[in-house]
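What follows is a walk through one protein model and its ligands. Please have the sequence and the structure open while reading.

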Amino acid sequence: MIIVLEKNIQKADKENLKKFLQSNNFNVNEIDGEEETVLGAVGHLAMDPRKVEIMPGVSRVIPISKPYKMASREFKRDNSIVQIPNNRGQIIRIGGMRLASIAGPCAVESEQQMMDVAKAVSSAGAVMLRGGAYKPRTSPYSFQGLGEEGVILLKKAGDKYGLPVVTEIVASEYLPIMIKHGVDCLQVGARNMQNFEMLKKIGATGKPVILKRGLAATIEEWLMAAEYLLSSGSKDVILCERGIRTYEKATRNTLDLSAIPVVKSLTHLPVIVDPSHAVGIRSKVPPMALAAVAAGADGIIVEVHCNPDKALSDGAQSLFPEQFDKLLRDIDVLAPVVNKETTRIRGAVVNLNTAAKNVKDGSQPTQTKVSCAYSGSRGAYAEQAIMHYFDGEAESKPCANFREVFQAVNNGESDCGMVPIENSLAGSVYENYDNLVRFEDISIVGSIKLRIEHSLLSNEGSSIDTIKTVYSHPQGFAQCSDFLALHPTWKQVECLSTTAAAKMVATKGSSDVAAIASVQACNSSENCKKLNVLKCGIESDPRNYTRFLLISSVTQNSSVNSVESKLIQLLQPSNGIKMASFAFIAGNHSGALHESLGVFTDLDLNLTRLESRPIQGQPWRYMFYADVELRRNGKNFDESETATLLQAAKEQLNKTTEEVHLLGVYIEIN
Ligand code: PEP
Ligand code: MN
């Protein structure tokens, strides 16, 4: 049963309640949700919920109707996120808004094979390395795996590239070997899904587990197997759909894609997909991996081999590294469509203000949450961008407008800020271009693209026909122009943000007003919760993306080892496109802009964006903004190449322009 606690429950009452449940043989788990704290109590014997309901501090009791208790959504409403640390002090997160890619060969064969494949998959963007050391083969005459030596080689390769490792456990007697050699995650294979004695022993180790769906297991049987793990001590269980037996012989198994949304509605556990064992044919793996992501999977686990024709097992379904690399690039493109962000091995999240002091002292930065300012209130698109950029690990701070975001960063109230800079439908957010030059000590330290879906939010009792006035941010109006053209009589009132518009409509409470905002804006205040979605997806084109800039007052410095550049590295993810942004005033003579842009041509830098803005107080004079890629042949420049090129660019621009600013060097995600 789920026991919802009163918000202000006394500590002693909570302890008392826990003791009471434990003395009645209930296993008790406290779950802190965003809105309420609950106790999940699972026991062998049923208890009359009224006995608990009358205890002090209890708000209500909800019985769990499903046979699987701890695995069910009733037990925990929010998605669980499994956290697996690597050997670099970073944490790989699976679940929530992330898409994780796990890759490696079917079986560990040799040290060289593992080193080669680990290098390939980590550079493509995998966050965990797989490889079987004990193989459950159909024939006793097939390669059975290298055993303990295989575990050692897997871990060695994972450590070299910062990848935690996952390997299959086929019998509980091998658990001590797995633990001794530091296996980060245990895989329970399809053939062992219902090996209940082994599940109990694995649960007792407390290690993260990937639980594959059995060859012919129903979804309920699969969740009951997860329940064995959870009830015996596992906290981190990841479910893996890997295809089931059907009458179809064209593929090795039949990938049950519909299981993904079904399972995700029944459980809070992350669900990943193994398209390799599902289809058994290399060319069919990437399309099914993409389909799995589209269906809502939290990640994929894929077999990759540098020389699949020589593989000792499952060569026919193993991808070449180039195919895996292309697959991950395709997933990157698909991710914003399903409102997810690909998990990458990124720099540790630190508090910049504390870190600045520590780097100066020479001590290690302390691991605390970054604070990030944004314009709008809870539920704003910029807040979603912060969640995506920092994997939900930053503290977001609402501000009244863009200028306040820059000010909060400038005077150190916030470590960084997230501001929109351009939208694929409505174009540039000019105010922020101006702010980038106005606030001289602020630099761009990151960039991320977010898919924007707008809805028409209104009060109870309204319909499209009752609406007379719509509230939104000017960008909201611009991005929904086709929809608004269908309603020419509606009055449009501009607000500071889309969430401010939602609040305005909720406060008015009448049936003749509506707001254009995200569905999440309904969570922006208690009052907004009563808003209804009158129509969703009203943006003129579903391919509607906004690019946000992460700004910080850490100044860019061409010296590679400066305190600043160290701090910037801490904030930057390792994957993505390295960029530099410049602002300059071209000279006032014929060919002046051509000369300035020629600097980038001479240095062989790809210019990806050019924008111009009138300079305040100087009519008919313009500031140009240029973004260039700091990469060649698909590879980002390293620190020293970057420093040399930027130095050269600055020197030459100084000659050809009247004024030049380097606005930032950063990684653009997606
Ligand atoms: C494997 O992942 O190597 C494996 C044997 O998978 P499954 O248990 O899904 O067949
Ligand atoms: Mn295999």
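Helix 13, residues 381–389, is mostly covered, with eight of its nine residues buried. The buried ones are Tyr381, Ala382, Glu383, Gln384, Ala385, Ile386, His388 and Tyr389. Like everything else described here, this helix belongs to a predicted model. After helix 13 comes Asp391, which has a positive phi near 55 degrees.

One of the buried residues of helix 13, Glu383, has a side-chain partner in Ser396: the two side chains make a polar contact of 3.1 Å. Ser396 is part of strand 17, which covers residues 395–399. The side chain of Ser396 also makes a polar contact with the side chain of Arg378, again listed at 3.1 Å. Ser396 counts as buried because its relative accessibility is 12%, and the cut-off for buried is under 20%.

The domain assignment gives the wider frame. The protein is divided into domain 1 (2–62), domain 2 (97–342), domain 3 (455–536) and domain 4 (573–670). Between the C-alpha centres of domain 1 and domain 2 the distance is 36 Å.

Next comes the metal site. Which residues serve as protein donors of the manganese ion, ligand 2? They are Cys106 through SG, His277 through NE2, Glu303 through OE and Asp314 through OD, at 2.1 to 2.4 Å from the ion. Along the sequence these donor residues follow the spacing C-x170-H-x25-E-x10-D. The pair Cys106 and His277 links distant parts of the chain, being 171 residues apart. Cys106 sits in the loop between strand 7 (98–104) and helix 3 (111–124), while His277 belongs to helix 9, residues 275–279. Both Cys106 and His277 are buried.

Another donor, Asp314, is located in the loop between strand 14 (299–303) and helix 11 (321–334). Asp314 is not a glycine, yet its phi is positive, at about 55 degrees. Most residues other than glycine have a negative phi. Asp604 also has a positive phi without being a glycine, in this case near 60 degrees. The position of Asp604 is in the loop between helix 20 (592–602) and strand 28 (606–614).

The loop between strand 14 and helix 11 also holds Ser313. With a relative accessibility of 5%, Ser313 counts as buried. Its C-alpha atom is separated by 48 Å from that of Cys536, which is 223 residues away along the chain.

The other ligand to examine is ligand 1. The residues around ligand 1 are Arg130, Lys135, Glu168, Gln187, Gly189, Ala190, Arg191, Lys212, Arg242, His277 and Glu303. Two of these names, His277 and Glu303, also appear among the donors of the manganese ion. By class, the shell of ligand 1 consists of seven charged, three polar and one nonpolar residue.

Several basic side chains reach oxygen atoms of ligand 1, as the next distances show. A polar side-chain atom of Arg242 is 2.6 Å from an oxygen atom of ligand 1. For Lys135, an N or O atom of the side chain lies 2.8 Å from an oxygen atom of the ligand. For Lys212, the distance from a polar side-chain atom to a ligand oxygen atom is 2.9 Å. On its own, ligand 1 has 300 Å² of accessible area, and the protein covers 97% of it.

Methods. Residues are numbered from 1 along each chain as its sequence is written. Chains are lettered from A and ligands numbered from 1 in the order in which they are written. This is a predicted model: local features need pLDDT of at least 70, side-chain atom pairs count only at pLDDT 80 or more; totals for chains, interfaces and linings use all residues. Side-chain values use heavy atoms; hydrogens and water are left out. Donors are N, O and S atoms within 2.8 Å of the metal (3.2 Å for Na, K and Ca); water is not among the atoms, so sites may look incomplete. Helices (H or I, at least four residues) and strands (E, at least two) are DSSP runs, numbered from the N terminus. Buried means under 20% relative accessible area, exposed over 50%, partly exposed in between (1.4 Å probe, protein chains only). Domain bounds come from an automatic or database domain assignment. A residue is near a molecule or strand if one of its heavy atoms lies within 4 Å of it. A polar contact is a pair of N or O atoms within 3.5 Å; within protein, one must be able to donate a hydrogen and the other to accept it, and residues adjacent in sequence count only if both atoms are side-chain atoms. Accessible areas come from the Shrake-Rupley method with a 1.4 Å probe; for residues, only the protein chains shown count as cover. Ala, Val, Leu, Ile, Met, Phe, Trp, Tyr, Cys and Pro count as nonpolar, Asp, Glu, Lys and Arg as charged, and the others, Gly among them, as polar.
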